[in-house]
Every structure is written in structure tokens, then in C-alpha cells.
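Open the model in your viewer and keep the selection tool ready. The tour goes chain by chain, with one stop at a single residue and one at a contact.

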Amino acid sequence: MIAIYLILSLLITISVFIFRNKSVSVSLVILFIILQWTLTVYEYITLNTVQFLYFTPDAIGIILLTIMSILAPMSFLYSFIYLNSRGDSPKVMAIYLSALILLITAISTAYLANHVAIAWILVEITTLSSSVLIYHRRTERSLEGSWKYIFICSVSVSLIFMGILFLGLASQQAKAGELFYSNLIVHAKYLDEFWLKAAFLFIFAGYTAKTGLFPMYTAGIDAKDKAPSPASAIFSSALMNVGFLGVFRLYSITARTNVHQWASSVLIISSVLSLIIAAAYMLRVRSFKRMFAYSSVEHMAIATVGLTMGPLGIFGSILHIIFHSFTKAGLFYQYGAVNRVIKSKFISDAGEYFENNTSGALVLLLGFFMVTAIPPSGMFISEFFIFKSLFQNGYLWLIVVFAILITVIIWALCENIFRLLFYHPPSHKDSTEIIEKVSVWESVPQFALMITVIYLGLNPPDYLVQLINQAVKSFG
Amino acid sequence: MINLLLIIFIVSLFVCVTAIRLKTFIKAIAFQGLLLFGIFFLRLNEINTLNLVLLLLETLIFKAILIPYFLHYLIKRNKITRETDPYVSNFMSLFIITFVVMTTFFLANTLKGGVFENIYFVIASITIFTGLYLIISRRKIITHVMGFIILENGVVILSLAVGVEMPMLVNLGILLDIFVTVLVLGIFAIKIGDFFKEAEVDHLNRLKD
């Protein structure tokens, strides 16, 4: 099935690029969404079987793949709204759509890849396709964003490759054979410690460019700022999960060795630094997209800390990733409408959104409660699990640091979002200026995402809990 | 023989770091391509046809001819001035790199196996560090690209250390190298030169908080 999926989606990508006709591309996109869902259902049925040599759908892969498949149709919907409102030429539209399809394909297969090198190749393809999306507007700024993204991601991809070489050395001494994750987990005890440490450091540093954690987080921020908002929604949810999965898989290997404690401290240091950076920049951001991007950095840091805290923490961390993907995607989709109404990306120009687009404003308000983990939000549950596990493991100082920094972040989010919603600018704008009306229907999918977050937090279905528990078990 | 080539490789890094003109820099990069070919050829004692073709393509044609030619073309097309424009004086750069070379050798000595077992790791880490150093210490974007190419050379040497046992990884590394370099250089050539006439980093600092 994966082979068929890869071939068909490549064909769809190419034909969208060639035909450049609106109705043709709409039908091809619908075809792709059907294909995406077929893959998701098929992989869920054939859980834990080897397919096409290098791919094995495991529990965490399926969870993330389902998130991707839920977000994919929405991203296409908002992309069409976005492209229509800009009136781009058919050529530019075709390039955008085919890059988006390629990105979703690469992300989906990267979740399922069981071979270290194959996962790495697919990550490189996500860099390529997302840089096309970042450059969509064809301005100096977007060129700057995509150049920085390509450059930093290329360096990080080289780092990952070095890490894979070290992992190869470590596995040679353990006679683990090919570099399959499943192989490495079985032979984890025999891996050479020194090379495993080196491999962990390099691969982790490389994947942070996608995850948005400390050493290489900058690339992702500029990317989310400059890309069109439907693409940014994917960058800050599904694409970040690719990096998270890379860290997750590697860490689950080290969890069975003596390196475990050392690797945990690397993850904790990196996430504390990321949280400090997120809090510091949150106070001085000037545009909403960058604010949401830094908020993603914050949530990834929380999830990464959860990984290091035993079964309860890992459970909370996976739950957190799920909720964060839905919430942040919803906020970025809504930002597309905000941008059409206030016609500026700067926070200083914002205001009166509640009067101009009430349904959208309600989405933002709900999203604000979700993203700050205020009780009806599912993130409250996941953060509660993570903090509880921190408490159980005796990391009291970490809780204090996190609480202070998260308070700063919540304050910044609150200030900026409420300014957008309720602030009345003192100097009245030219009354002849026509404010675009946004249809209520546009907000419905975003409401659905937010309500999913609440519902899954209050009443998670059994199969989801089973899948998460299976993923937690991969830590042994 | 291999050790000699590796030492010459380090010397070429010194040339890159102290180069005043871009042309010298490019010549050093081309020369590194030739050296890499020699190192590869001597190191891989069992070569099948596919590996040989890939290796020739990567080192001789790609690294020693195409990239330098393309860099020349870029400089001409975008009318880039001929100095390398470092932030740091050449003497300081030379000092830093010498320091790095020495510490890496000493550190490698403390590892089990001694220097000559780990010679590829030593050279590779020096090269990668030099590449990163060139990226942060130069003002022009094109010198960043060149620093990145040197970093990639380091990765290729590193893959040699493991490569005899795992040819698949080496081939993958080579393909990555070609793919990424073409991507980075392509963007640079087609787009940046058109937007920013002088192509200096100062133009690329508007996205910030």
C-alpha cells in the first residue's frame, strides 16, 4: 500500500504541476485526500506489519498519521480560499498545490519509516517542499525566510547524517545488522556507549530544526512567519511532529541502555533553554504568526520534557502533541481570516476583530483557552500528567522554572490576542475602507478542531488510549 | 600515501581560511575535490562499478569541476566584489583553526585506538568545524555557501571512516551532498542575486524580533 501511495501521490503532484487548471487541480486534490485516508485506514488495520521493506506502521506513527490526515483536507480548503483571495496566477497556484501535496506525502511516509536512513531522506524532502511553500509570496522577505530555512535545514540534515554514521559504528560493534529502528531496539544493550552518545547528540541537534527546540529553532520560526497560513498550520503541527518522532524513536533506543540518564539530561537542558527563548521572544514579538510559532516552541519543550519522565510523562507527552497539533493548526487557519480583515500582520495595527468577524473571534478566544491549557482544554489534562510525572520523579526545581516561564508566555499571548479582539484604535480609520466579510462557514472546521481537543481531553476513546499505551510500551 | 593526502587536505583548509580573494578560495575548493578523489580511490580497496561511477561523479566531476565553475559563474553574474570580506582578521582565523587542529589531534589521541586509527574522524571534524567557522565569520552570502561546501566535504570524509563496511550509507551521503548543494546553489544563483544586488548578509537580517 505504501508503494502504491507513494507512486500515486507523486503522479498527482506532477499532474497538478503540469495541468495548471483550477478544476483539474481541485479534483486531483480530492483524489489525493481520498488516497491519504485510504492509507491511514489501511495502516491502522495492518498495525505493526512490515511493508515495502522499510516501513512499519507502529502505534505512534499511526497516531501522528491520523493527525496529518485530519489536517490535510482543511489545509487544502483554506489554501483554496487563500489562493482565491490573492488572485494568484495558475502557474503559482499549481506550484503551491503540488508542493503542499509533496510535503504531506513526505510527512506521512516519514511517520511510518522504520529505517533510520529512509526517515532521514523523507525529512530532507520535507525541507525541499516546504521551502517552495515559504517562497510562495515571492517577496524579498519570503526569499530571506526560505533561504534561511534551506540553509539551516541543510546543515541540520548533514548533522543527522553524521549521527547516522555514528549509529552505524555503534551497531557494527553490536552486530545489529541494518539500521532498522526495530533492530536497534532489540540490540540496544550491546550498542557501543560512546558512539551511541555521539549519535544521539548529532541526530537530536539535527532534528531540532524540525522540532523547533533549542539549537536550531530559528529556521522554523521564519518559515512559519513567511509561509501562507494554511502551510504554516502544517509546519507547526505535522512537520514539527516529524522532528518529535525522530527524537522519540532515538530516545526509545537509548532508554534501554546505560546512556538513558545522560540522554534525558540532554533533552531536559534543551527544552528548558527553548522555553526560556520562547518566553523571552514572546514578550517582544511584533506579528501574530511569530507569536504562534514561539508558542509552538513552548509546547514542544513541554512535550520533550514529558518524554524523559517515565510512562506517565510519555503518555502525557504524546497526548500533548496530539492536542497541540489540532489547536495550533486551528489558530493558524483562523489567522488567514484575520489577515484578510485587518490587512496587516503586525500586532500594533490589530483591533476590533470581534465586531468585524464574530465567529472568527470566538475561534480565537476558544483557541486562546486551548493553547494556554485553561481547564476545558485537553492540554490541561496532558500538562497535568507531565507535571505530575515531574513531581513523582522529584524534579521540583523544573516545575518552578516551567511555571514561571509559562506564566510569562500566557501573559504575552493574553495581551496580544485580547488586543486583537477587543481593542479600539483611538484614531478612526478611513470610514470608506471596506472591511472584508468572512463567512461563518469558514470558521466551522476550526471550531471542530477546538471541540475535538476538549472532547478528547475529557473523554478519550478506548482505541486512542490503547494506541498511546502501545507507544509508551516501546520504551520497554 | 593516504595520510599525505589527508595532511594536504588540512593545508588546503588553511588556504581557505586565509584567502583574501574569492578566486583563491574557489581554487582551494576545486583542489579539495581532487584530493577527495585520491583519498576515496585509495581507501576503497574493493570497488564495484556503481560505486566507482558514483565516486567519479561526486569527486572529480561534481566537486572539482562543476561546483568551482558554477561559483565563478555566480560571481560574474551577480557582480560580486572579489574580496572574501571576513569579520575577523586573517591572522586570528589562522590562529583559531591551528588551535582547533591541535586540540582535535590531542583529543583523538586520548580516545582508544590512537590517532592513526581515528585519522578520518580527526580530519573530518576539523573540516566540519572549519566549514562552520567560515559560515559565521564571513560577510558575503556566497562565502556562506562555500563554507557549507567545505562542511559537506567533511561529511564525505566522515562517511569514509565508516564506509568500507557500509557502502549504502556512503552512497546515500554522496547523493545527499549532490542534492543539497544543487538546491542551495540553485536558489542562490537564481533568486538572491536578482533581489539583492550586492548579496551580502546585511540584506538578510530583516526577519527578526
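Here is what to select, step by step. Keep in mind that this is a predicted model.

**Stop 1: chain A as a whole**

Select chain A and show it as a cartoon. You should find 19 helices and zero strands. Now switch to the C-alpha trace and turn it. Along its principal axes, the trace of chain A spans about 75 × 55 × 45 Å.

How does the radius of gyration of chain A fit a compact globule? For 476 residues, such a globule would have a radius of gyration near 23 Å; chain A has 22 Å, so the two agree.

Next, think about the inside. Of the 476 residues of chain A, 57% count as buried. Then think about contacts. Take those in chain A with a separation of 6 or more: 78% of them are between residues 24 or more positions apart.

**Stop 2: one residue in chain A**

Select Glu442(A). Where does Glu442(A) lie? Look in the loop between helix H17 (396-422) and helix H18 (444-458) of chain A. Color those two helices to frame the loop.

Is Glu442(A) buried or exposed? Glu442(A) has 20 other C-beta atoms within 10 Å, and 20 or more is the cut-off, so this residue counts as buried.

Now show what Glu442(A) touches. Leaving out residues up to four places away in sequence, Glu442(A) touches Ile81(A) and Ala337(A).

For a sense of distance, add Gly306(A). Glu442(A) and Gly306(A) are 136 residues apart in sequence. In space, their C-alpha atoms are 35 Å apart.

**Stop 3: chain B as a whole**

Hide chain A and select chain B. Chain B has eight helices and zero strands. Follow the sequence from start to end, and the pattern reads α-α-α-α-α-α-α-α.

Chain B has 209 residues, and 40% of them are buried. Among its contacts between residues at least 6 apart in sequence, 69% join residues at least 24 apart.

**Stop 4: where the chains touch**

Bring chain A back. How many residues does each chain give to the contact? Chain B gives 24 residues and chain A gives 28 residues.

Stay on the side of chain B that touches chain A. Select helix H7 (141-163) and helix H8 (167-195) of chain B; each supplies at least two residues of this side. The largest share comes from H8(B), with 11 residues.

Finally, color this side of chain B by residue class. You will see 17 nonpolar, two polar and five charged residues.

Note on methods
Residues numbered from 1 in each chain as written. Chains lettered and ligands numbered in written order. Predicted model: local features only at pLDDT ≥ 70, side-chain atom pairs only at ≥ 80, totals over all residues. Helix = DSSP H or I, 4+ residues; strand = E, 2+ residues; numbered from the N terminus. Rg over C-alpha atoms; globule rule 2.2 N^0.38 Å. Buried ≥ 20, exposed ≤ 12 C-beta atoms within 10 Å, placed from the backbone. Contact = placed C-beta atoms within 7 Å. Nonpolar A, V, L, I, M, F, W, Y, C, P; charged D, E, K, R; others polar.
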